[in-house]
Amino acid sequence: MAGLYPNAELALPALLADPPDVVLMDIQLPGMSGIECTAALTAKHPDLHVLMLTVYDNSDRVFYALAAGASGYLLKRDVPTRLRESLDDILAGGSPISSSVARKVFQHFVREVPAQPGADFNLTPRERECLDLLAKGKFYKEIADELAIRMETVAFHLQNIYKKLHVRNRTEAVMKYFGK
């Protein structure tokens, strides 16, 4: 299913009835906000991928969007160069996020890095490498290129990381691994 809706009030019934693989959501919609719409969608369809597309990178909007169930957060200025990669990333189980937004999230949550990160989680050296690159805001393809492995291998490692850390997405993984 593909659709384009001028507001959340028109989109919500259609998307709830026939959810697509990915929803591209603007935060600032007339009437109901994109964050409110995302919360309503993910409440009924928790596995639905919602990629927020917005000009806003302030911390409050980012955190509200993620708390509402957004799977990723991409600034509109990054859309021309990163949308396709972000869609591939989200469908592979990742949580794409613009680098400047990732920095704000990590600055908010990360206080101190443990002396031996991940020691309590039984992560392999390769999983730690993937998680370190993920924490830097890298997409699956960038991680694959940097480590000279396939994107599918990155997805496999990150799925293992999520299981070992008992988290659902990249933000939770990084916060749990590096945060307190």
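Biologist: In this predicted model, does Tyr177 count as buried or exposed?

Modeller: The model is a predicted one, and in it Tyr177 has a relative accessibility of 2%. A residue under 20% falls into the buried class, so Tyr177 counts as buried.

Biologist: How far apart are the centres of the rings of Phe121 and Tyr177?

Modeller: The count of aromatic pairs in this structure comes to 1. That pair joins Phe121 and Tyr177, and it is classed as tilted because the ring planes stand at 45 degrees, a value that is neither under 30 nor over 60. The centres of the two rings are apart by 6.4 Å.

Biologist: How many residues apart in sequence are the parts that this pair ties together?

Modeller: Tyr177 belongs to helix α9, whereas Phe121 sits in the loop between α5 (99-109) and α6 (125-135). The pair therefore ties together parts whose separation in sequence is 56 residues.

Biologist: What is the relative accessible area of Phe121, the other partner?

Modeller: The buried class takes residues under 20% and the exposed class those over 50%, with partly exposed in between. Phe121 is placed in the partly exposed class, because its relative accessible area is 21%.

Biologist: Which residue in the loop between α5 and α6 has a positive phi although it is not a glycine?

Modeller: Most residues other than glycine have a negative phi. In the loop between α5 and α6 there is a residue with a phi of about 55 degrees that is not a glycine, and it is exposed, with a relative accessible area of 63%. That residue is Asn122.

Biologist: Where is Ala148, which has a positive phi although it is not a glycine?

Modeller: The phi of Ala148 is about 60 degrees. At 70% relative accessibility, which is over 50%, Ala148 counts as exposed. Its place is in the loop between α7 (140-147) and α8.

Biologist: Turning to the interior, which helix gives the most to the largest nonpolar core?

Modeller: In soluble globular proteins, nonpolar side chains tend to be buried together. Here the largest nonpolar core has 48 residues, and those with the most contacts inside it are Met25, Met52, Tyr73, Leu131, Leu158, Ile161 and Tyr162. With 6 residues, the helix that gives the most to this core is α8 (residues 151-165).

Biologist: How many residues does the second, separate core have?

Modeller: This core is separate from the one just described, and Val22, Leu51, Leu53 and Phe139 are included in it. Its residue count is 6.

Biologist: Which residues is Ile161 in contact with, leaving aside its neighbours within four places in sequence?

Modeller: Ile161 is one of the residues with the most contacts inside the largest nonpolar core. Leaving aside neighbours within four places in sequence, its contacts are Leu123, Glu127, Cys130, Leu131 and Ala173.

Biologist: In which helix is Thr42 found?

Modeller: Thr42 is buried, with a relative accessible area of 12%. Its contacts, apart from neighbours within four places in sequence, are Leu48, Val50, Ala68 and Gly69. Thr42 is found in helix α2.

Biologist: What volume does the largest pocket have?

Modeller: The largest pocket is lined by 20 residues, and Gly69, Ala70, Ser71, Arg168 and Asn169 are those nearest its centre. At least two residues of this lining come from each of α3 (59-68) and α9 (170-178), and by class the lining has 8 nonpolar, 9 polar and 3 charged residues. The volume of this pocket is about 560 Å³.

Biologist: Which element gives the most to the lining of the second largest pocket?

Modeller: The second largest pocket has a volume of about 400 Å³, and its lining of 19 residues includes Gly3, Leu4, Tyr5, Val23 and Leu24 nearest its centre. The elements that give two or more residues to this lining are α1 (8-17) and β1 (22-26). By class, the lining has 16 nonpolar, 2 polar and 1 charged residues. With 5 residues, the element that gives the most is β1.

Biologist: How much space lies in the largest cavity?

Modeller: Rolling a probe the size of a water molecule over the atoms shows where empty space is left. The structure holds 1 cavity of 30 Å³ or more, and the residues lining the largest cavity include Leu66, Tyr73, Pro96 and Arg170. Both β3 (72-75) and α9 supply at least two residues of this lining, which divides into 5 nonpolar, 5 polar and 1 charged. The space in the largest cavity is about 40 Å³.

Conventions: Residues are numbered from 1 along each chain as its sequence is written. This is a predicted model: local features need pLDDT of at least 70, side-chain atom pairs count only at pLDDT 80 or more; totals for chains, interfaces and linings use all residues. Side-chain values use heavy atoms; hydrogens and water are left out. Helices (H or I, at least four residues) and strands (E, at least two) are DSSP runs, numbered from the N terminus. Buried means under 20% relative accessible area, exposed over 50%, partly exposed in between (1.4 Å probe, protein chains only). Contact means heavy atoms within 4.5 Å. On a 1 Å grid over the protein atoms alone, a cavity is a set of points where a 1.4 Å probe fits but cannot get out, and a pocket is an open set with protein on both sides within 12 Å along at least five of seven lines; lining residues have an atom within 4 Å of a point. Grid points are joined across faces, edges and corners, and a volume is the space filled by probe spheres set on the points. Ala, Val, Leu, Ile, Met, Phe, Trp, Tyr, Cys and Pro count as nonpolar, Asp, Glu, Lys and Arg as charged, and the others, Gly among them, as polar. A nonpolar core is a set of buried Ala, Val, Leu, Ile, Met, Phe, Trp, Tyr and Cys residues joined through side-chain atoms within 4.5 Å. Rings of Phe, Tyr and Trp (its six-membered ring) pair if their centres lie within 6.5 Å; planes under 30 degrees apart count as stacked, over 60 as edge-to-face and the rest as tilted.
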